[in-house]
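Biologist: I am new to this model and would like a close look at a single part, the sheet and whatever lies around it. Could you take me through it slowly, one element after another?

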Amino acid sequence: MAPSELSAATAVALSAALRAKTLSSYELTQACLATIAKDNPALNAVITVSEEQALADAARADDILARGDGGPLTGIPLLHKDIFCTRGVTTTCASRMLENFVPPYDATVVTRLREAGTVMLGKTNMDEFAMGSSTETSRFGVTRNPWDTTRVPGGSSGGAAAAVAAGFAPLGTGTDTGGSIRQPASLCGITGLKPTYGRVSRLGIVAFASSLDQAGPMTRTAEDAALMLQVMSGVDPMDSTSADIEVPDFRGQLGDSIAGLRIGIPRQYFSADLDPRVAQSVHAALQELQREGAQLVDIELPHTDRGIPTYYIIAPAEASANLSRYDGVRFGHRCDAPADPQDLYERSRTEGFGDEVKRRILVGTYALSAGFYDAYFKKAQQVRRLISQDFSRAFQSCDVIAGPAAPGVAFGLGTKTSDPLAMYLEDIYTLSVNLAGLPGMSIPAGRVDGLPVGLQLIGRAFDEATLLRVAHRFQMNTEHHLATPSSAGEPT
Amino acid sequence: MATTSADVRAVAQLAQLRIEDDAIDDVTERFNRILDLVAELQQIDTQGVEPMSNPHDMEQRLRPDAVTEQVDRTALQDVAPAVEDGFFLVPRVID
């Protein structure tokens, strides 16, 4: 494989080349590191490169491959979002609070992917503590969208999405609390999957909102996502919320037909908030699925517009509790010369957290405080159940739900930072899925003004296999997922 | 009824955060915009609806009460800002 082909190749294709010995993992890793060195200064998608460790891991993978051992991900380079604890490698969550934090242990996801033979190249940029939809709240500067560097990549997993789109690595990990895998996947034209709550262990993932957070794959194809999800999934004794439910053979079911599958189209996902040109791309994608034998069914998700207020109570409330651990004592930023314990806590936290994080801690603290708990937090938890019931009802008449992943294409840097509410609207189609704990996915479905559009697929709890099957079928018949920022100007 | 800057300061104190005087108006204004956004939930009838804290209404599993790993104190305290003789250092609490 020529170096220019490497950066657009899938893990499946690269794995075949590694097994055929036309490429070594060491060469592949060197090529990825060279691409990062060349192109990252313009994008700022990667904030830590672990070159020495990557080359050592690659050499080890080559030994395994030489013996004819290993699995489909052996020797494949990947980038972890900087929210996953990586032993010995700085894990900042893009915050000053954790700027110098070198974890003493690995996240379960990191362990599992390493045991599967992947080669970690480094850590990707994100919104601080995963709070944002544009990767503009990072302590380490904004990430730019490789399709148009004057625009955001989405967020919070914007570094991962930009890196995969730009050919830094075929695989990235992300986390999604309200859309943080799917919205950047949509804006950067890649495939991103948020699994069912409980499918993937949260151990070692810096906590944001513990009843919503899930980690998932960010890739170029559904097939690669299936391979990654296979490794990432499964019960973890160290995460009591991870689900003790059988993990199916995701790749094995990819080729199954979608004839007769009922795809629900929620009317509320095509409201006035949606860019009509995005709607057009999504409709064209749905027609493609119809040609494959799927039936399109109109459904209702009546509480869709209640998702934002519900989420913006529950997520900040959980965040305010989770982030209370940062006190300047055991780890994280500590202020200089604290006068007394109160001064230590207040100054360490005030200096360590950025504006959006502080804003959410304040809202969350307020919603949980005496006198407001019933009116805010309890009320939001009740509406959460209504939102969840909407989905249960909808899934009586369909097998998968489809619609847009985001209301528009990538927006300009700085255009939504002054208005937190405008930013919150970015996740209008994604955050209900987290509230209901369901799996959701975004796959490339065309472009508007040269910028990628994502089709979102939502499944029943623990039915990622059907999402992957629909996505794979779509990708077998279309070429949207093959477009890259560098090929964007070329005729197709 | 809008939340005042004094209310916001009281919440900040609960959250162990400081807000500088020159930022308080801006913080209060944005705080109120978020409260306005979430206020619409009050219009929804939730009579008799059970609050949902886990999306699958799952109970958290307990692990067997057994020693499964040894904690390496040195490794854990390597990331602490101030440590002495195996203790975390904090400013004097009692005179």
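Modeller: Before the bridges are read, one convention is needed: two strands are taken to pair if DSSP finds at least two bridges between them. Please also keep in mind that this is a predicted model.

A good place to begin is strand E4 of chain A, which covers residues 171-176, and where six of the six residues are buried, so that the strand is largely enclosed by the rest of the structure. The cover reaches both faces of E4(A), since Leu171(A), Thr173(A) and Thr175(A) are buried on one side, while Gly172(A), Gly174(A) and Asp176(A) are buried on the other. E4(A) pairs in the parallel sense with strand E2 of chain A, residues 77-81, over two bridges, and here Leu79(A) is the residue that stands opposite Gly172(A). E4(A) is also joined to strand E6 of chain A, residues 214-219, by five bridges, and these two strands run antiparallel. Gly172(A) appears again in this pairing, with Met218(A) of E6(A) as its bridge partner.

From this strand we can step back to the whole sheet, which is open, has 11 strands in chain A with mixed pairing, and follows the order E1-E3-E2-E4-E6-E5-E10-E11-E9-E7-E8. Strand E1 (46-49) and strand E8 (295-299) of chain A stand at the edges, and because each has a single partner strand, one side of each is left without a neighbour in the sheet. From one strand to the next, the twist averages 30°. Helix H3 of chain A, residues 25-43, packs on the sheet, where it touches E1, E2 and strand E3 (119-124) of chain A, and the direction of the helix makes about 20° with that of E3(A). Elsewhere in the order, strand E10 (residues 440-448) and strand E11 (residues 451-459) of chain A pair in the antiparallel sense over seven bridges, and Met441(A) has Leu457(A) in E11(A) as its bridge partner.

Two loops that adjoin elements already named also deserve a look. In the loop between E3 and helix H6 (158-165) of chain A we find Ser156(A), and the peptide bond that leads to Ser156(A) from Gly155(A) is cis, with omega near 10°. The loop between helix H2 (11-19) and H3 of chain A holds Lys21(A), whose phi is near 65°, a positive value in a residue other than glycine. As a point of comparison, most residues other than glycine have a negative phi, and most peptide bonds are trans. Lys21(A) is exposed, with 10 other C-beta atoms within 10 Å.

Helix H8 of chain A, residues 222-232, has 11 of its 11 residues buried, so this helix too is largely enclosed by the rest of the structure. Among its buried residues are Glu223(A), Asp224(A) and Gln230(A), as well as Leu227(A) and Met228(A). H8(A) is followed by Gly234(A), which has a positive phi, near 120°.

Finally, chain A has a partner, for 56 of its residues are in contact with 41 residues of chain B. On the side of chain A that touches chain B, the largest share, 11 residues, comes from H13(A). By class, that side of chain A has 29 nonpolar, 14 polar and 13 charged residues.

Note on methods: Residues numbered from 1 in each chain as written. Chains lettered and ligands numbered in written order. Predicted model: local features only at pLDDT ≥ 70, side-chain atom pairs only at ≥ 80, totals over all residues. Contact = placed C-beta atoms within 7 Å. Helix = DSSP H or I, 4+ residues; strand = E, 2+ residues; numbered from the N terminus. Nonpolar A, V, L, I, M, F, W, Y, C, P; charged D, E, K, R; others polar. Buried ≥ 20, exposed ≤ 12 C-beta atoms within 10 Å, placed from the backbone. Axes fitted to C-alpha atoms, helices over the stretch in contact; angles between N-to-C directions.
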